[in-house]
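Please open the model in a viewer and keep the sequence panel visible beside it. The tour below proceeds one selection at a time.

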Amino acid sequence: MFNVQSKQKPDMKFWGLWNLSFGFFGVQIAYALQSANISRIFATLGADPHSLSYFWILPPLMGILVQPVVGTLSDKTWCRFGRRVPYLFIGAAIAVLVMCLLPNAGSFGLGLSAAMTFGLVSLMFLDTSINMAMQPFKMLVGDMVNEKQKALAYSIQSFLCNAGSVAGFVFPYFFTAIGVAITAAPGVVPDSVIWSFYIGAAILILCVLYTTVKVKEWNPEEYAQYNSVDEAEEPELEEKSNWITLLKKAPATFWRVGLVQFFCWAAFMYMWTYTNGAIADTCWGVDMMSPEATSTKAYQVAGNWVGILYAVQAIGSVIWAMVLPQFKNRKLGYGLSLVLGGIGFALVPFISHPYVQFIAFVLIGCAWAAMLAMPFTFVTNALQGYGHMGAYLGLFNGTICMPQIIAAICGGSILTLVGSNQTNMMFVAAACLLLGAISVTAIKGKQ
């Protein structure tokens, strides 16, 4: 590496900070479409409700495999196209292709098993590519933005994240409103969902192209000047780059926040898996125990409305994100947010009016805001001076993925325990968030 004195990273103009993260808008549209529609797609193809959670194993499994690899490899990548940008572009390109294939799993004349297999493989590649495209945005800010401007940079990223989520969530509802079909033959995904994925794919590639054109990453010499890397540190950094060694040397806060993450992400895994059935049952009176339930128009209407509810959750998250910095005690803000989210989940089964469900999902948005901001605040503060931030953040992604994998594996059994009623899974999600709030008390360090 280069033996040079570290310099202060220069201030960036607002639009420079904006360009660093703009592609995140498109990536988040893809992620929102996946989150809101995967259960709906597989249920429409003919999946048993008790099996729905198993389809959700693949997304976090690919995340736990891909994000540490991308983080570690991009730490060491230097080429004419940049350090992080190549991974961003390749991930986005693959995501675009898969987004055009996945919702058509039931349209190729395949049998049930073949359609399910095609859908699963497509989902695996979609989540792999989304994870590959998402991680570099966090690293670009860490690489190129000084400490004074990081709060603004991550605020821009948070805004684009939530704006992309809202767009992705409402697409099926919007296309239905302008006349695109909401129903289709049994086992076929409606056109309103298919076209949502097509438009989302187009926006994704345009946004990522914008970022790749506008952002010029530093070369190795420039990076070394601004990031305190010299020959004396090289052996230690190489030794630290081993994942097992990194985990052994991780601060206690890394693991304590990980415990909170376990309960939080399990709760949201159950939300993404079972909200379609819960809302169809609670607000539209669909008998989800009937084999024909997912073929009814009411189920598809409820599926569109779930996208609206998730958009409300994202808006609630934006509003609550502005309140969180007002808490002088960050642990208090974190814990309270999770309690509010738990109350929101517990309210869902009791609300039969679709619009009144907004109250529950605004509260759920409070938990989501804290989950997006608080863990990285505690962990990045604790990691100061540890080096290899990209690898550490990739490994920390395991505290997001592992609970989802475990929750997905257990989902069918838990659904049976609560009477095979998908609505009751909202109580399970509420309990998970309350356990997360209790676990916040174990976090040490600056409050």
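The stops that follow name what to select and describe what is there.

This is a predicted model, in which local features need pLDDT of at least 70 and side-chain atom pairs count only at pLDDT 80 or more, while totals for chains, interfaces and linings use all residues. Residues are numbered from 1 along each chain as its sequence is written, and side-chain values use heavy atoms, with hydrogens and water left out.

**Stop 1: helix H1 and its cover**

Select residues 14–21, which form helix H1. Helices here are DSSP runs (H or I, at least four residues), and strands are E runs of at least two, numbered from the N terminus. Within H1, the buried residues are Leu17, Trp18, Asn19, Leu20 and Ser21. The term buried denotes under 20% relative accessible area, exposed over 50%, and partly exposed the range in between, with a 1.4 Å probe and protein chains only. Now add helix H2 (23–45), helix H6, helix H7 (147–177) and helix H8, which are included in what covers these buried residues.

**Stop 2: aromatic rings**

Select Phe14 and Trp15 next. Rings of Phe, Tyr and Trp (its six-membered ring) pair if their centres lie within 6.5 Å; planes under 30 degrees apart count as stacked, over 60 as edge-to-face and the rest as tilted. By this rule the model holds 32 aromatic pairs. In one of them, Phe14 and Trp15 meet edge-to-face, at 5.0 Å centre to centre and with 85° between the planes. Phe14 is partly exposed, at a relative accessible area of 37%, whereas Trp15 is exposed, at 55%.

A further edge-to-face pair is formed by Phe262 and Phe263, at 5.5 Å centre to centre and 85° between the planes. Phe262 is partly exposed, at 31% relative accessibility, and Phe263 is buried, at 18%.

Return to Phe14 and Trp15 and extend the selection to Trp18, Phe22, Phe25, Phe159 and Tyr210: ring pairs link these residues into a cluster.

**Stop 3: a charge over a ring**

Which residue has its charged end over the ring of Phe378? Select Arg330: its charged end sits 5.5 Å from the centre of that ring. A charge is counted as sitting over a ring if NZ of Lys or CZ of Arg is within 6 Å of the ring centre and within 35 degrees of the ring normal.

**Stop 4: a nonpolar surface patch**

Select Phe89, Ile90, Ile94, Val121, Phe125, Leu206 and Leu209, which make a nonpolar surface patch of about 590 Å². Patches are made of residues with over 30% relative accessible area and no salt bridge; like charges are joined within 9 Å and nonpolar side chains (Val, Leu, Ile, Met, Phe, Trp, Tyr) within 5 Å. A salt bridge is a side-chain nitrogen of Lys or Arg within 4 Å of a carboxyl oxygen of Asp or Glu. Accessible areas come from the Shrake-Rupley method with a 1.4 Å probe, and for residues only the protein chains shown count as cover.

Helix H5 (85–101), helix H6 (112–144) and helix H8 (191–214) each supply at least two residues of the nonpolar patch. The largest share, 3 residues, comes from H5. Ile90 is found in H5 and is partly exposed, with 43% relative accessibility.

**Stop 5: inside helix H6**

Select Gly119, which is found in helix H6. Gly119 is buried, with a relative accessibility of 0%. Setting aside residues up to four places away in sequence, Gly119 touches Phe42, Leu102 and Ala105; contact means heavy atoms within 4.5 Å. The C-alpha atoms of Gly119 and Ala105 are separated by 5.5 Å, and the two residues are 14 residues apart along the chain.

Ser122 is also in helix H6 and is buried, at a relative accessible area of 6%. With residues up to four places away in sequence not counted, Ser122 touches Val98 and Leu102.

**Stop 6: two loops**

Select Ser420, in the loop between helix H17 (398–417) and helix H18 (425–439). Ser420 has a positive phi of about 60° although it is not a glycine. Is Ser420 buried or exposed? At 18% relative accessibility, Ser420 counts as buried.

Finally, select Thr296, in the loop between helix H12 (252–284) and helix H13 (297–323). Thr296 is partly exposed, at 28% relative accessibility. Thr296 and His50 are 246 residues apart in sequence and 19 Å apart in space, C-alpha to C-alpha.
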